Amino acid sequence: MTPSKQAILVTGGCGYIGSHTVLRLLESGYKVIVVDNLSNSSYESLRRVHKLYAITASASPSAQFEDAALPIETLIPFYQVDILDRPGLSKVFEDHPEISSVIHFAGRKAVGESGRIPLDYYNVNISGTVNLLQVMEDFHVRKIVFSSSATVYGNPPKFPIPEDSPIDVVMSPYGRTKVFLEHIIKDLCVASVIKQQEYLQDRAKNANNNDGAEIERNYEWSAMLLRYFNPAGAHPSGIMGEDCKGTPNNLMPFLSQVAVGKLERLAVFGNDYPTQDGTCIRDYLHVVDLAQGHVAALAKLDQEQAAGNHGCKAYNLGTGTGYSVFDMIKAFNKAVGTELPYKVTDRRAGDVPNLTSDPRLANRELNWKAEKTLDEMCADLWRWQRHNPDGYSVSASIPHPI
């Protein structure tokens, strides 16, 4: 199936990673439907996607971009629906029977916060995802790219971290929701193979009793679990980026808000870890590269399905290079042109010393590789924050509330 004929449902499509992925999907020829409850995001992000897609189209004579002239509500159908709302999700699939795959971002995502409100995380992330999977099964949509996380590795035994590293000992409720969901999706894929085998056996037994009019069914699921490391940066245009609600939970958006004067100083959570400078090491990945990773995963799912292969596989999306907190402060200071204030505080619950990926499996099998540099990441983030100090603060009425 060619991308131009595929419709992809993106849950959490108004969020930071989701909106960048929506743009990349459109640029790659997919039709996109977005679901988001807007609890921690803004519809304005899709307005920015619409604008950027029009800019891409104006620079290209390709007929692929003819749809860029469509109004936003036609180009990107949007549903303000919570993934806990099963009837609401069902309506999306009823309205769009052309949906062939789902990219699932929706959920709560802050390590520290998850330790304070674990039940909320288990309810939204696990119950909501099970809802989504059940609705997908109801409507015979059995391809999913799942937004997992490097937090599933907990405190891993070796670095860089390969996909076969243990994932069952994690440090936070957020990380545990990702581990549980990976197991749920794997179990679903395994069960679907058994169901398909039983169906084929029954069909063979009853071959003499049907008139040949029955269309052969396929109950098998295909899933990609994308364990990405630390997304950062923004669209190079400065038009789209991360719109944090309240105090950011992650290093780079926190730093950027210090740079525009919204926060007084950065809190560095611990400088006594067993690393070169005592601060935590993370593998920072440009959000544009990450968005392209989801497009690559969809292409791989289609390739495997065309070959008759189904099942579930996990991939690391990262650069393979780790940077400490102090490394990131230095790099962002360079982009901003001044030294930003920080204060070392106590360790934060749930943090581990090092999370650096081994991305070679994705490089090889998904034909994907992170291309953007740390300097680009910091420059793009600063361009976004400098031009949008209050994020998507403008009033963004939804043209067609559903």
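**Exercise 1.** In this predicted model, decide whether Phe 326 counts as buried, partly exposed or exposed.

*Solution.* Begin with the relative accessibility of Phe 326, which is 23%. Then recall that buried means under 20% and exposed means over 50%, with partly exposed in between. Phe 326 therefore counts as partly exposed. The same steps serve for Tyr 342, which at 41% also counts as partly exposed.

**Exercise 2.** Work out how the rings of Phe 326 and Tyr 342 are arranged as a pair.

*Solution.* A pair of aromatic rings is described by the distance of the centres and the angle of the planes. The count for the model comes to 10 aromatic pairs. For Phe 326 and Tyr 342, the ring centres are 5.5 Å apart and the planes stand at 50°, so the pair is tilted. Finally, place the pair along the chain: Phe 326 belongs to helix H10 and Tyr 342 to strand E13, 16 residues apart, and the pair thus links distant parts of the chain.

**Exercise 3.** Describe the span of helix H12 and find which elements its buried residues pack against.

*Solution.* Helix H12 runs over residues 374–387, which makes 14 residues, and it reaches 20 Å from its first C-alpha to its last, close to the 20 Å expected. Next, look for its buried residues, among them Leu 374, Met 377, Cys 378, Leu 381 and Trp 384. The buried residues of H12 pack against several elements, including helix H2, strand E7, helix H8 and helix H10.

Definitions and conventions. Residues numbered from 1 in each chain as written. Predicted model: local features only at pLDDT ≥ 70, side-chain atom pairs only at ≥ 80, totals over all residues. Heavy atoms only, no water. Helix = DSSP H or I, 4+ residues; strand = E, 2+ residues; numbered from the N terminus. Expected span 1.5 Å × (residues − 1). Buried < 20%, exposed > 50% of the residue type's maximum accessible area, 1.4 Å probe, protein only. Contact = heavy atoms within 4.5 Å. Phe/Tyr/Trp six-rings, centres within 6.5 Å; stacked < 30°, edge-to-face > 60°.
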